[in-house]
Amino acid sequence: MRALVTGATGFVGQHLAAALADAGEDVVAMTRRPEAYAGPGAAIPGDIGDPRSLREALEGCDVAFYLVHSLDQADFVERDRAGAEAFAAAATDAGVRQVVYLGGLGDDRDDLSPHLRSRREVEGILLDGAPTTSLRAGIVVGDGGISWEILRQLVERLPAMVTPRWVQTRTQPVALADMVAYLAAVAGRAEAVGRTFEVGGPVPLTYKAMIEIVAELTGRRRVIVPVPVLSPSLSSAWLRLVTDVDFATARALVDSMTNEVVVRDRCIEEFTGRRAMTFHEAAAAALADRERRLAGATR
């Protein structure tokens, strides 16, 4: 199977490209800077904002993984809409048999944040315009993931936290290893085309509960005091102050943290034969991966 991975240098994309290559698949990594790509597979130039480059990148591919978004841009909604439309058209023209998209969890009946609404809009564009399989997920827990880094850095840097009320919001995090395995498992399966799967760990957790678990794993004691008075702007500024995330990304994530994002249908586990690990296991794995990465960097 010849598989194109967009966002191959990103958090999920780099691990997915490696997993596909290890499984013997013919991996094509689409990147705006192919000369700098050092991951598995063959690098090919491509940009979601350049339809011509998409057609060339998709030529001869059986499956295309769509893992890109513009969350760090103020106009991310318009950018992601245009990118999805261009990609769906290019994939169809190239005869790609399946597009696999990673979107976001969230109840359509809820007042979804702009970020989650955009993820759902992109999903609809791809499903309508190309043979697509969509996977919806919340936080992907792994070393280097933005949402995971926010949790880890909050625990590391703040002995006591006066936190926004979104710490009481429930979400259903999924381990990076599980996310990659699910993406790879649906690829190349005709019966998955046109379907949407929800992905998450065994149980929903509040952000407060996740912070407490990470604190336990790292041997720290943390005091968390949620308050109802922090506006989204102040909450974003607070995150920016105590973590490394940029303000535009922080604002989009904070808006989404007010939405409950939980799994309603676990059929992905039956479809793939894989049961997701717990948040405790996922967080422990992420912390261990970070330790190995830092140890390797100091050698």
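Among contacts in the protein chain between residues at least 6 apart in sequence, what percentage join residues at least 24 apart? The share is 78%. The legends below refer to a predicted model.

**Figure 1. Overview of the protein chain in the predicted model.**
The chain contains eleven helices and 13 strands. Of its 299 residues, 51% are buried. The exposed area amounts to about 13400 Å², and 50% of this area is supplied by carbon and sulfur atoms.

**Figure 2. The open sheet of seven strands.**
The strand order is β3-β2-β1-β4-β5-β6-β11, and the pairing is parallel. At the edges lie β3 (42-45) and β11 (196-199), each of which pairs on one side only. From one strand to the next, the twist averages 20°.

**Figure 3. Pairing of strands β1 and β2.**
Strand β1 spans residues 2-6 and strand β2 spans residues 26-31; five bridges join them in the parallel sense. Two of the bridge partners can be named individually. R2 has D26 of β2 as its partner, and A3 has V27 of β2. Strand β1 is mostly covered, with four of its five residues buried.

**Figure 4. Helices α4 and α6 against the strands.**
Helix α4 packs on the sheet and touches β4 (63-66), β5 (98-104), β6 (132-137) and β11. The direction of α4 makes about 165° with that of β5. Helix α6 lies across β4, β5, β6 and β11. With respect to β6, helix α6 runs at about 165°.

**Figure 5. The largest nonpolar core and its surroundings.**
This core comprises 34 residues, and F65, L135, M179 and L183 have the most contacts inside it. Helix α6 (residues 176-186) contributes six residues, the largest share of this core. In soluble globular proteins, nonpolar side chains tend to be buried together. A second core, separate from the largest one, has 26 residues, including I150, W166, A282 and A286.

**Figure 6. The contacts of F65.**
Neighbours within four places in sequence are left aside in this view. The remaining contacts of F65 include A3, L4, V5 and T6. Strand β1 covers residues 2-6, so these four contacts can be followed in the view of that strand as well. Also in contact with F65 are L16, L20, V100, L183 and A187. Among these partners, L183 is one of the residues with the most contacts inside the largest nonpolar core.

**Figure 7. The salt bridge between E121 and R81.**
The closest N and O atoms of E121 and R81 are 2.7 Å apart. E121 belongs to helix α4 (residues 114-129) and R81 to helix α3 (residues 76-93), and the pair links distant parts of the chain, 40 residues apart. E121 has a relative accessibility of 28% and therefore counts as partly exposed. R81, with a relative accessible area of 29%, is likewise partly exposed. Side chains of opposite charge can pair when their charged atoms come close. A search of the whole structure finds 21 salt bridges.

**Figure 8. The salt-bridge network of E149, R152, E156 and R157.**
These four residues are linked by salt bridges. One of the pairs is that of E156 and R157, whose side chains meet at 3.9 Å, N to O. E156 is partly exposed, its relative accessible area being 31%. R157 is also partly exposed, at 36%.

**Figure 9. The salt bridge between R264 and E260.**
In this pair, the closest N and O atoms are 3.5 Å apart. Is R264 buried or exposed? With a relative accessible area of 57%, R264 is exposed, because the limit for that class is over 50%. E260, at 30%, is partly exposed.

**Figure 10. S147 in helix α5.**
Helix α5 spans residues 146-157 and contains S147. The relative accessible area of S147 is 18%, so this residue is buried, the limit being under 20%. S147 and P173 are 26 residues apart in sequence. In space, the C-alpha atoms of S147 and P173 are 9.9 Å apart.

Conventions:
Residues are numbered from 1 along each chain as its sequence is written. This is a predicted model: local features need pLDDT of at least 70, side-chain atom pairs count only at pLDDT 80 or more; totals for chains, interfaces and linings use all residues. Side-chain values use heavy atoms; hydrogens and water are left out. Helices (H or I, at least four residues) and strands (E, at least two) are DSSP runs, numbered from the N terminus. Buried means under 20% relative accessible area, exposed over 50%, partly exposed in between (1.4 Å probe, protein chains only). Contact means heavy atoms within 4.5 Å. Accessible areas come from the Shrake-Rupley method with a 1.4 Å probe; for residues, only the protein chains shown count as cover. A nonpolar core is a set of buried Ala, Val, Leu, Ile, Met, Phe, Trp, Tyr and Cys residues joined through side-chain atoms within 4.5 Å. Two strands pair if DSSP finds at least two bridges between them. Axes are lines fitted to C-alpha atoms, for helices over the stretch in contact, and angles run from 0 to 180 degrees between N-to-C directions.
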